Amino acid sequence: MGKIRVLIAKPGLDGHDRGALVIAQALRDHGMEVIYTGLRQSPVQIVQAAIQEDVDVIGLSSLSGAHKTLFPKVINVLKEQGASDIPVVGGGVIPAEDIPYLLERGVQKIFTSGSSTEALALYIKQLVNPEKEQLKSPEKIAHIGIAVQQIDHVISFYTDTLGLELEGVETVESEGVKTAFLKIGESRLELLEPLDNDSPIQRFLDKKGEGIHHIALETEQLDERLQNMTSEGIPLINEEPKQGAHNSQVAFIHPKAAGGVLFELCRHTEGSEH
Ligand code: ZN
């Protein structure tokens with residue numbers, strides 16, 4: 001197939017297009033054909049340009065705060081012109097609380113000012129080539145990891161006070177931890193006790209004390225996600241999956257990627273009960 005064609009447009013009145021030009025160049029660097037409409041285009045002009053240029057995707061950028069009216073207008077004009085098969089993605093200075101509103105009105109995805117151009121380029125490639133496997137959302141919270149000094153000292157809170165079922169206690173020598181898994185619906189709580197002073201859990205306890213250590217998300221597409229995050233420049237603790245507790249493959253994302261929260265991605269391999 002030919003090059004992916006993208007129309008980058010700035011609806012509305014704001015007069016800054018540096019961000020849009022940076023995005024246009026980044027997408028060109030990814031081998032895409034980018035048409036930039038210039039400043040202050042009306043929704044009708046944008047849709048006309050998209051149809052004339054036969055683009056695969058429209059990227060709308062807004063810094064003016066007018067995205068809530070202008071992005072849905074572009075979607076409506078596309079419908080009126082029989083071109084609603086052209087997907088629209090949005091970006092710019094867009095507060096998180098406006099994102100659900102825009103998605104409901106037909107914008108495929110919103111990239112905020114914190115998003116990387118790599119993430120945008122990957123998303124567009126997947127959007128335009130649906131035969132390529134799309135990244136799905138992680139399926140569930142597999143477990144929440146809680147650092148404790150000693151499992152035996154706290155276990156009764158979980159089993160008696162909360163009434164959770166203790167599924168098993170497992171020692172993972174390679175990680176320097178003893179773990180206890182408590183089942184809660186589809187998820188688990190994972191108590192983590194350090195085996196010795198070199199254990200990463202001991203270092204966490206020394207620094208922060210007992211408490212929530214990490215959140216683990218279950219994803220079938222562990223390798224694909226790690227590859228994508230690597231190319232997006234997301235800092236990872238493990239670039240390759242490693243063996244985790246409970247017959248799983250796991251990899252940790254660096255907490256500086258997630259506002260101080262340590263995330264684990266895990267995939268349970270064949271033959272394990274979850
Ligand atoms: Zn974990």
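This section describes helix packing, one helix with a buried side, and the surroundings of selected residues in a predicted model.

Three helix pairs were examined. Two packed helices are described by the angle between their axes and the distance between the axes. Helix 2 (43–52) and helix 3 (residues 67–80) pack with their axes 9 Å apart, at an angle of about 50°. This angle makes helix 2 oblique to helix 3, since it falls outside the ranges that count as roughly parallel (under 35 degrees) and roughly perpendicular (65 to 115). The crossing of the two helices is right-handed. On the side of helix 2, Pro 43, Val 44, Ile 46 and Val 47 take part in the contact, and they meet Leu 70, Lys 73, Val 74, Val 77 and Leu 78 of helix 3. By class, this contact comprises 8 nonpolar residues, 1 charged residue and no polar residue.

Helix 5 takes part in the other two pairs, with helix 1 and with helix 8. Helix 1 (residues 18–29) and helix 5 (residues 117–128) have axes 10 Å apart and pack at an angle of about 55°; the two are therefore oblique to each other. Their crossing is right-handed. Helix 1 contributes Ile 23, Ala 26 and Leu 27, which meet Thr 117, Leu 120, Ala 121 and Ile 124 of helix 5. Of the residues in this contact, 6 are nonpolar and 1 is polar, with no charged residue.

For helix 5 and helix 8 (residues 222–232), the packing angle is about 135° and the axes lie 8 Å apart. This pair is again classed as oblique, because the angle is not over 145, the limit for roughly antiparallel, and lies outside 65 to 115. The crossing of helix 5 and helix 8 is right-handed. Glu 118, Ala 119, Leu 122 and Gln 126 of helix 5 make the contact with Asn 228, Ser 231 and Glu 232 of helix 8. The contact residues divide into 2 nonpolar, 3 polar and 2 charged.

Helix 6 (residues 151–161) contains the buried residues Ile 151, Ile 155 and Tyr 158. Around the axis they cover an arc of only 70°, and this places them on the same side of helix 6. An α-helix has 3.6 residues a turn, so residues three or four places apart point the same way. The buried residues of helix 6 pack against four strands, namely strand 6 (140–147), strand 7 (165–172), strand 8 (177–184) and strand 9 (187–194). The face turned away from the buried side carries His 153, Asp 160 and Thr 161, which are exposed. Just after helix 6, Gly 163 adopts a positive phi of about 75°.

A positive phi is also found at Asp 54, where the value is about 55° although the residue is not a glycine. Asp 54 is located in the loop between helix 2 and strand 3. With a relative accessible area of 59%, Asp 54 is exposed, since the class begins over 50%.

Ser 62 and His 67 are in contact with each other. Ser 62 belongs to strand 3 (residues 57–62), and its relative accessible area of 1% makes it buried. Apart from neighbours within four places in sequence, the contacts of Ser 62 are His 67, Phe 71, Gly 91, Gly 92 and Val 93. His 67 lies in helix 3 and is likewise buried, at a relative accessible area of 2%. Not counting residues up to four places away in sequence, His 67 touches Ser 62, Pro 72, Val 93, Ile 94, Pro 95, Asp 98 and Leu 102. Val 93 thus appears in the contacts of both Ser 62 and His 67. His 67 and Gly 12, which are 55 residues apart in sequence, have C-alpha atoms 8.2 Å apart in space.

Glu 33 is situated in strand 2 (residues 33–36). Its relative accessibility of 34% places Glu 33 in the partly exposed class, which lies between the limits of 20% and 50%. When neighbours within four places in sequence are left aside, Glu 33 is in contact with Lys 3, Ile 4, Arg 5 and Val 6. The C-alpha atoms of Glu 33 and Glu 175 are 47 Å apart in space, with a separation of 142 residues in sequence.

Definitions and conventions:
Residues numbered from 1 in each chain as written. Predicted model: local features only at pLDDT ≥ 70, side-chain atom pairs only at ≥ 80, totals over all residues. Heavy atoms only, no water. Axes fitted to C-alpha atoms, helices over the stretch in contact; angles between N-to-C directions. Left-handed = near helix turned anticlockwise from the far one by under 90°. Contact = heavy atoms within 4.5 Å. Nonpolar A, V, L, I, M, F, W, Y, C, P; charged D, E, K, R; others polar. Buried < 20%, exposed > 50% of the residue type's maximum accessible area, 1.4 Å probe, protein only. Arc of directions from axis to C-beta.
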